[in-house]
Amino acid sequence: IKIKEIKSGLSICGGGKISSTQIHNTYGDHRIFMALCLAALKSESPILIQDNNTYLDSYPKFIDDLKKIGVSIKEEK
C-alpha cells in the first residue's frame, strides 16, 4: 500500500495484499486505530493492533458494530 503525505492530508493507493503484521502503537489516536482496523479487513491473515482502547471516547461501539457485520475480531484485555 502506497501512502503519500500531501498538503491537505494523505493520498492512499491500495490494491496490494496486506499480510499478517503487528502494529504496536497507534499513538493514542482513535482515527489511526479505526483506519487500521478497516485496512485489516483486506488481510488474508490476522493483524494484531495494540493500543486498542483509543476508540472508546469517540465510538465506543466500534468493535461491536464491526462484529455485527461479520468481522472476526478477538480482543485481548
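**Overall build and two surfaces of the chain**

Just 19% of the 77 residues in the protein chain count as buried. The model is a predicted one, and everything below is read from it. Taken along the principal axes, the C-alpha atoms fit in a box of roughly 35 × 30 × 25 Å. The accessible surface of the chain adds up to about 6,200 Å², and carbon and sulfur atoms own 52% of that.

As for secondary structure, the chain has two helices and four strands. Walking along from the N terminus, the order of the elements is β-β-β-α-β-α. Among contacts with a separation of 6 or more, 52% link residues 24 or more positions apart.

The N-terminal end starts with a pair of strands. E1 takes up residues 2-6 and E2 residues 9-13, and the two pair in the antiparallel sense over five bridges. The link from E1 to E2 is a hairpin of two residues. Within this pairing, Lys4 sits opposite Ser11 of E2.

Ile3 belongs to E1, while Leu10 has its place in E2. Is Ile3 buried or exposed? With a relative accessible area of 57%, Ile3 lies over the 50% mark and therefore counts as exposed. Leu10 comes out exposed too, because its relative accessible area is 56%. Together with Ile12, these two residues make a nonpolar surface patch of about 330 Å². Setting aside neighbours within four places in sequence, the contacts of Ile3 are Leu10, Ser11 and Ile12. Ile23, by comparison, is 20 residues from Ile3 in sequence and 16 Å from it in space, C-alpha to C-alpha.

Helix H1 (residues 30-40) shows the buried side of the story. Which residues of H1 are buried? They are Phe33, Met34 and Cys37. These three span an arc of only 90° around the axis, so they fall on the same side of H1. The general rule behind such spacing is simple: an α-helix makes a turn every 3.6 residues, so residues three or four places apart point the same way. The cover over the buried residues of H1 includes strand E4 (47-49) and helix H2 (62-68).

Put side by side, the two regions read quite plainly: the E1 and E2 strands carry a nonpolar patch at the surface, made by Ile3, Leu10 and Ile12, whereas H1 has Phe33, Met34 and Cys37 as its buried residues, with E4 and H2 among the elements that cover them.

Conventions
Residues numbered from 1 in each chain as written. Predicted model: local features only at pLDDT ≥ 70, side-chain atom pairs only at ≥ 80, totals over all residues. Heavy atoms only, no water. Pairing = 2+ DSSP bridges. Patch = residues over 30% accessible without salt bridge, like charges linked within 9 Å, V, L, I, M, F, W, Y side chains within 5 Å. Areas by Shrake-Rupley, 256 points an atom, 1.4 Å probe, with all protein chains shown as cover. Salt bridge = Lys/Arg side-chain N within 4 Å of Asp/Glu carboxyl O. Buried < 20%, exposed > 50% of the residue type's maximum accessible area, 1.4 Å probe, protein only. Arc of directions from axis to C-beta. Contact = heavy atoms within 4.5 Å.
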